[in-house]
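Here's one to pick over in Q&A form. Have a look at the model first, then we'll dig in.

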Amino acid sequence: MTAAVATVCGLLGLAVGSFLNVVIYRVPRKESVVRPRSRCPGCGTQLAERDNIPIVSWVLLRGHCRTCGEPISARYPLVELTTAALFVAAALRFGLDWVLPAYLVFFAALVAITFIDLELYIIPNRVLYPAVFISIPLLVLAAAAQSEWGNLERAVIGAVAAWVFFLILHLVSPRGMGFGDVRLSFLLGLFLGWLDLRHVFLGVFFGFLLGSIVGVALMILRRRGRKDHIPFGPFLAVGAIVAVLAGSPVLGWYAPS
Ligand SMILES: [Zn+2]
């Protein structure tokens, strides 16, 4: 049964990943994510159905536009593969639970936010707000269906606690912690809090740990000076994903019950 759910989620992840590529490209450019259909950024030719199949088309075309031969970024198949892998991981983590759809939305939002923040150093509200407004009803539905009101309560507490914590960091160091990160922390706190409040702490801790390691590594490699900006959103996103998928075993080692 779990294998079937994982397979369905994997295929859904490929399709959602394909949509996220559109979001990642168009949202920062203030374009509609619904229409027109996808075009080659090089020559503007609309993509035919056969050239719009996740991963397969990119591989068959060897990463080049069929019409103009312009290279197509490897980001496209990477986003599709990442989303599919995260959806499978969520299916294996939650199985046929009412909360699964909410976590799929969460992971999809984190993929879009990560790639946009890496490229442009922004966390767009046009991704974050829809993610929050879709997630809350899905979590309420899961709580109602499974009488998990305690989880919902912890989700709200986690979201508010994370938001307040990051707001304080932002006020102390506005350049180090952007307000986009403060907004993102609300979404993270919501989903980590649903699991329990220790997961909120763990997710944020993983994010800071990863950010510090990469930051120090970049300084040693002299790729960036100490004052240069490194987007923090991707580290928070990865930290939260690790906490969702692996937090319970980690907490189990730390405090065996
Ligand atoms: Zn082209």
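Q: In which helix is the place of Arg26?
A: Quick ground rules: this is a predicted model, where local features need pLDDT of at least 70, side-chain atom pairs count only at pLDDT 80 or more, and totals for chains, interfaces and linings use all residues. Residues are numbered from 1 along each chain as its sequence is written, and side-chain values use heavy atoms, with hydrogens and water left out. Helices here are DSSP runs of H or I, at least four residues, numbered from the N terminus. Arg26 sits in residues 2-26, helix H1.

Q: Which side chain of opposite charge is nearest to Arg26, and how far away is it?
A: Arg26 is buried yet has no salt bridge. Buried means under 20% relative accessible area, exposed over 50%, and partly exposed in between (1.4 Å probe, protein chains only). A salt bridge needs a side-chain nitrogen of Lys or Arg within 4 Å of a carboxyl oxygen of Asp or Glu, and Lys and Arg count as positive, Asp and Glu as negative, with His and the chain ends not counted. The nearest candidate for Arg26 is at 4.1 Å: Glu31.

Q: Which residue has its backbone oxygen 2.8 Å from a polar atom of the Arg26 side chain?
A: Leaving aside neighbours within four places in sequence, Arg26 is in contact (heavy atoms within 4.5 Å) with residues including Ser32, Val34 and Arg37. The backbone oxygen lying 2.8 Å from the polar side-chain atom belongs to Pro36.

Q: What arrangement do the four donor atoms make around the zinc ion?
A: Cys40, Cys43, Cys65 and Cys68 each offer SG, at 2.3 Å; donors are N, O and S atoms within 2.8 Å of the metal (3.2 Å for Na, K and Ca). In sequence the spacing runs C-x2-C-x21-C-x2-C. Four donors count as tetrahedral if all angles lie between 85 and 135 degrees. Here the angles are 106 to 115°, so the arrangement is tetrahedral.

Q: Is Cys40 buried or exposed?
A: Its fellow donor Cys43 has 36% relative accessibility, so Cys43 counts as partly exposed. Cys40 has a relative accessible area of 7%, which means Cys40 is buried.

Q: How many residues apart are Asp51 and Arg66?
A: Three salt bridges turn up in the whole structure, and one of them joins the side chains of Asp51 and Arg66 (2.8 Å, N to O). Asp51 is in the loop between H1 and helix H2 (56-60), while Arg66 is in the loop between H2 and helix H3 (75-94). The pair links distant parts of the chain, with a separation of 15 residues.

Definitions and conventions:
Tetrahedral: all angles 85-135°; square planar, octahedral: opposite > 155°, others 65-115°. Helix = DSSP H or I, 4+ residues; strand = E, 2+ residues; numbered from the N terminus. Polar contact = N/O pair within 3.5 Å; in protein donor to acceptor, adjacent residues only side chain to side chain.
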